[in-house]
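Biologist: I would like a close look at a single part of this model. Please begin with one residue and its contacts, then work outwards.

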Amino acid sequence: MLSVDDAIPARHFLKSFVRTSLTHKPASILMVSAHWETPQPAVSAIAGPSDTIHDFYNFPKPLYQLKYPAPGAPELANKVKKLLEAGGFEHVVEDKKRGLDHGAWVPLMLMYPDAHIPVCQLSVQTHMDATHHFNLGRAVAPLKKEGVLIVGSGSATHNLRTLIDPSDSVASWAAEFNNWLRDSLLAGRYEEVNQYLEKAPFAKQAHPRPEHLYPLHVAMGAAGVNAKAELIHDSWTSYTLSYASYKFYEST
């Protein structure tokens, strides 16, 4: 609903993201979406405009009419594949047909409504752990020097069975997990974030499945050895859904 509902605070954050959080226009975007799960790491290598995948059900009809035909980034996909292979990931798939799922196009259409920046997606592997995804990020970190914006698109909390809409309050367990994640990231305790299942309160309640948190681990790994995290947005909807968002940068 971010794409159409002005009542969601995170929508306004994403619409202002380029103006408030970036210092330059990226040459291309590497998007890690919670909504592309594969057995092995995979990259989208579309030549030409990307298809818009409406991978959701029982939502208002206008959402299914939205299009985000951003150009694909096959050259970036090839670079990602080579970097991952050099980083020890032996089997990396290039998918030359897959378009952009809603974990990619919904935030991007708010950030870059003209759909003019080439986009490549990188998948997550839910049978693997957080450290695996952190290492994916470490492998692709050199892309930042080439002007590539690396984005992890998921949710700080994601338990759809606990949503209550509308709601002006936040569940205590969701807030506790969200606060732990914030404090850990801002303090640079990235290894603890990689071990969130053992370290975080209510980890399994906040994320019954890990796919919506793993994009964060990729972004965290891509930030580099001396990475610092900055909380750039913090809002809630539907009682348990956190839109907390972080920017990573290398400290000098």
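Modeller: Leaving aside neighbours within four places in sequence, Leu 30 is in contact (heavy atoms within 4.5 Å) with Leu 76, Val 80, Cys 120, Gln 121, Leu 122, Val 140, Leu 143, Val 148, Leu 149, Ile 150 and Val 151. This is a predicted model, in which local features need pLDDT of at least 70 and side-chain atom pairs count only at pLDDT 80 or more, while totals for chains, interfaces and linings use all residues. Residues are numbered from 1 along each chain as its sequence is written, and side-chain values use heavy atoms, with hydrogens and water left out.

Leu 30 is also one of the residues that touch the most other members of the largest nonpolar core, which has 49 residues; the others are Leu 84, Leu 181, Leu 185, Tyr 196 and Phe 248. Such a core is a set of buried Ala, Val, Leu, Ile, Met, Phe, Trp, Tyr and Cys residues joined through side-chain atoms within 4.5 Å, buried being under 20% relative accessible area with a 1.4 Å probe, protein chains only. Apart from it lies another core, of 30 residues, Met 109 among them.

Met 109 is one of the buried residues of helix 4, a DSSP run of H or I of at least four residues, strands being E runs of at least two. In helix 4 (residues 102–111), 10 of 10 residues are buried. They pack against helix 1 (9–15), helix 2 (17–21), strand 1 (28–37), strand 4 (119–124) and strand 5 (148–153). At the N-terminal end, Asp 101 caps helix 4, with a side-chain oxygen 2.9 Å from the backbone nitrogen of Gly 103.

Conventions: Buried < 20%, exposed > 50% of the residue type's maximum accessible area, 1.4 Å probe, protein only. Polar contact = N/O pair within 3.5 Å; in protein donor to acceptor, adjacent residues only side chain to side chain.
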